[in-house]
Amino acid sequence: MRKCLTLIFLAVVLIGQSQTDSISVSQIKKRKIGLIIGSSLATTGSLFYLNQAWYKNHSTGKFHFFNDNKEWLQMDKAGHVYTNYILSNYMIESFEWAGFSRKKSILIGGNIGLAYMTCIEVFDGYSDGWGFSWGDCIGNVAGTYWAIGQKILFNEQKCWLKFSFSRSGLAEYNPDLLGNGLGLEILKDYNGQTYWFSFNPLNFSKKKPKKTILNVLNLSIGYSAYGMLGGHYNQFVVQNEVGDVLKFNRERRFYLSLDLDLTKIKTKRKGLKTLFLALNSIKVPMPTIQLNQKGVRFYPVYF
């Protein structure tokens, strides 16, 4: 997830106004130059940050592979799919805003995130702290081409991938791995993360739907996992203040919820449209049904 959050930051920095307003040739040129310079600086800066924060303290050696596909009940892989999807979608919009053709926006903008993440995976391959993960790469490709495929087929994102987080309460038992404080927990604690597949069935209707609240209201299917104090297994005993042993069963959780597609909210203000596009990567808190190995649970509001 360390790489995923870096990419999310990069996406937020690079997202343009994503409007198709009429602008002059000189304005288009300025936007292209600004986008290229901005993306170059953001990419260079983020790579420098990763090197200082993660790779500097790990000696490099021969290129090697690392199979982490069974870790964290695949929550980290969901993170790779989600982050590459969001970055590809935002970069396509940014390239179109800057005046690039639709073809170039999809081909270049849509694949920037994949190229960036592949570079990071190669760095991992030379680091003794990690290794090159094919599972991560598959997740990166899946997220990128989920965004590109919808843009080619529909010229929009009809099925969004989204993210939500709430504190799990487990980070205190292994703060070095799960994070110490809210900011790091969002980054590290997979127990508190939920990834969503959000869509509106009306978007696939042959008849053009009327402009009602139903155009904004989505169905959302979510996935999370809980009880994970380590990647593969909970490798140590946890006790409370009175010495009782606490047991955390590692389990998968599935959700059915409602959501809002903020990009469908009609407004003439370009700033609001940009804000709605940026915020649409996050699931809106809504009533939710959870299904796990213990049964069914209802949340009046789940985030």
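## A walk through the salt bridges, a buried loop residue and a nonpolar patch

Start by selecting Asp259 and Lys162: their side chains meet in a salt bridge, with N and O 2.7 Å apart. Keep in mind as you look around that this is a predicted model. Now show the strands around the pair. Asp259 sits in strand β6 (residues 251–260) and Lys162 in strand β1 (residues 159–165), so this bridge ties together parts that are 97 residues apart in sequence. Switch on a surface and you'll find that both Asp259 and Lys162 are buried.

That's one of eight salt bridges in the structure. For the next stop, select Lys77 and look for its partners. Pick Asp136 to begin with: its side chain and that of Lys77 form a salt bridge at 3.0 Å, N to O. Here, too, distant parts of the chain are linked, since Asp136 belongs to helix α5 (residues 134–154) and Lys77 to helix α3 (residues 75–97), 59 residues apart. Asp136 and Lys77 are both buried.

Stay on Lys77 and add Asp68 to the selection. These two make a salt bridge as well, with 3.1 Å between the closest N and O atoms, and Asp68 is buried just as Lys77 is. Which residues end up in one network through shared salt-bridge partners? Add Asp76 to your selection and you have the set: Asp68, Asp76, Lys77 and Asp136.

Next, jump to Asn191, in the loop between α7 (182–188) and β2 (193–199). Is this loop residue buried or exposed? Its relative accessibility is 6%, so Asn191 counts as buried. Show the side chain and follow its polar contacts. One, at 2.7 Å, goes to the side chain of Asp189. Another reach of the Asn191 side chain is to the backbone nitrogen of Gly227, at 3.0 Å. To see what else is around, leave out the neighbours within four places in sequence: Asn191 then contacts Ser168, Leu170 and Leu178, along with the run Ala225, Tyr226, Gly227 and Met228.

Finish on the outside. Select Ile221, Phe254, Leu256, Ile289, Leu291, Val296 and Phe298, and color them together: they make a nonpolar surface patch of about 700 Å². Strands β6, β7 (286–292) and β8 (295–302) each give two or more residues to this patch. You've met β6 already, as the strand that holds Asp259. For a last close-up, zoom in on Phe298 in strand β8. Phe298 has a relative accessible area of 55%, which means it counts as exposed.

Key:
Residues numbered from 1 in each chain as written. Predicted model: local features only at pLDDT ≥ 70, side-chain atom pairs only at ≥ 80, totals over all residues. Heavy atoms only, no water. Helix = DSSP H or I, 4+ residues; strand = E, 2+ residues; numbered from the N terminus. Buried < 20%, exposed > 50% of the residue type's maximum accessible area, 1.4 Å probe, protein only. Polar contact = N/O pair within 3.5 Å; in protein donor to acceptor, adjacent residues only side chain to side chain. Contact = heavy atoms within 4.5 Å. Salt bridge = Lys/Arg side-chain N within 4 Å of Asp/Glu carboxyl O. Patch = residues over 30% accessible without salt bridge, like charges linked within 9 Å, V, L, I, M, F, W, Y side chains within 5 Å. Areas by Shrake-Rupley, 256 points an atom, 1.4 Å probe, with all protein chains shown as cover.
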